[in-house]
Amino acid sequence: MPEIVNSSNIETPNARRVILNLLRVAEGGVLSAAEAIAACALFGISGNSVRVTLARLSQARLVEAAGRGLYRLGPAGRAIAADIAGWRGVEERLVPWDGRWVAASTGGLPRSDRKLLRARNRALSMLGMRELDNGLFVRPDNFVGGVDAVRQRLDGLGLERGAAVFRADGFDGARQKRAMRLWDTAALIESYRRETARLEAWAGRADGLPLDVAARDSFVLGGSGIRRIVFDPMLPAPLVAEAERRAFIDAVIRFDDLGRRIWTRFLGTVQNGS
């Protein structure tokens, strides 16, 4: 029986994650402070923590004021959201793999600035790049637009422009073997199957759940599914079974549609004061 969210195993997101995720799907792209507080309360987050988080997100330009007590994504938040928003059509970015790689060299970049380092690691991770040698990250060259598209996306996600991003091939035999083993593809395929089953099992019982429970659970499960897609390395065959990935993405799309309907109902109760 697939694992279903319950009080003992539910993941507890922080206020930052709840607010940013809801702003990406809120009607008109605007979320009120009251809605943010009500949503965060589902996860035991206090109203004071929400207000502090909104202030910090504003300072970081991740959100900005859209009126009195109203918020929308700020410039920094929109940049990240734009990349994440394409998760539904992520496989449209792929082309057949010819065996070549895209590489990013970060060996000459500073490592003392933790903020820059976090942004760098996040950008590389979101593009599915793995470290082959010290400071040399690679991935299969199977994105539409090739190395230029990868360079542009890495730049938009926060990788410093001092990093060299280039196409690579002709690795020696040992490096080629290591490159092919950088991803645990067996675990990846198993996760596609497991998460597909879990999402479908929860959706099958959603109508019988109280609205607040359904909103909480769908946020956790749907957010986890989308995050898996966003950070999926999008490997080509023969490294991964593409049909298994396609089935998982389809399951997350159906679940996300369900979750959006649930959250529209939940936020409607907040707006109506019920």
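Is Asp-148 buried or exposed? In this predicted model, Asp-148 counts as exposed, because its relative accessibility is 51% and the exposed class covers values over 50%.

**View 1. A salt bridge within helix H6 joins Asp-148 and Arg-151.** The closest N and O atoms of Asp-148 and Arg-151 are 2.9 Å apart, and both residues belong to helix H6, which spans residues 146-157. They are separated by three residues in the sequence, which is about one turn of the helix. Whereas Asp-148 is exposed, Arg-151 is partly exposed, its relative accessible area being 35%. Side chains of opposite charge can pair when their charged atoms come close.

**View 2. A salt bridge between Glu-91 and Arg-246 links distant parts of the chain.** The side chains of these two residues meet with an N to O distance of 2.7 Å. Glu-91 sits in the loop between helix H4 (75-84) and strand E4 (101-105), while Arg-246 is found in helix H10 (residues 242-271), so that the partners are 155 residues apart. Glu-91 counts as buried because its relative accessibility is 19%, which falls under the 20% limit; Arg-246, at 29%, counts as partly exposed.

**View 3. Asp-133 and Arg-175 form a salt bridge between a strand and a helix.** Here the N to O distance is 2.6 Å. Because Asp-133 lies in strand E5 (residues 130-133) and Arg-175 in helix H7 (residues 173-180), the pair ties together parts that are 42 residues apart in sequence. Both partners are partly exposed, with a relative accessible area of 23% for Asp-133 and a relative accessibility of 32% for Arg-175. A search of the whole structure finds 22 salt bridges.

**View 4. Strands E1, E3 and E2 form an open sheet with helix H1 lying across it.** The three strands follow the order E1-E3-E2, and their pairing is antiparallel. Strand E1 (31-32) and strand E2 (63-67) stand at the edges with a single partner strand each, so one side of each has no neighbour in the sheet. Four bridges join E2 to strand E3 (residues 70-73), and Glu-64 stands opposite Arg-72 in E3. Helix H1 (residues 15-25) lies across E1, E2 and E3, and runs at about 80° to E3.

**View 5. Helix H2 crosses helix H10.** The axes of helix H2 (residues 33-41) and H10 come within 10 Å and cross at roughly 120°, which means that H2 is oblique to H10. The contact is made by Ala-34, Glu-35, Ala-38 and Ala-39 of H2, together with Trp-263, Phe-266, Leu-267, Val-270 and Gln-271 of H10. The crossing of H2 past H10 is right-handed.

**View 6. Four antiparallel strands form an open sheet on which helix H6 packs.** The order of the strands is E5-E6-E4-E7, and the edge strands, E5 and strand E7 (164-168), each pair on one side only. From one strand to the next, the twist averages 35°. Five bridges join E4 to strand E6 (residues 136-140), and these two strands run antiparallel; Ala-104 stands opposite Phe-137 in E6. Helix H6 touches E4 and E7, and its direction makes about 155° with that of E7.

Terms used. Residues numbered from 1 in each chain as written. Predicted model: local features only at pLDDT ≥ 70, side-chain atom pairs only at ≥ 80, totals over all residues. Heavy atoms only, no water. Salt bridge = Lys/Arg side-chain N within 4 Å of Asp/Glu carboxyl O. Buried < 20%, exposed > 50% of the residue type's maximum accessible area, 1.4 Å probe, protein only. Pairing = 2+ DSSP bridges. Contact = heavy atoms within 4.5 Å. Axes fitted to C-alpha atoms, helices over the stretch in contact; angles between N-to-C directions. Parallel < 35°, antiparallel > 145°, perpendicular 65-115°, else oblique. Left-handed = near helix turned anticlockwise from the far one by under 90°.
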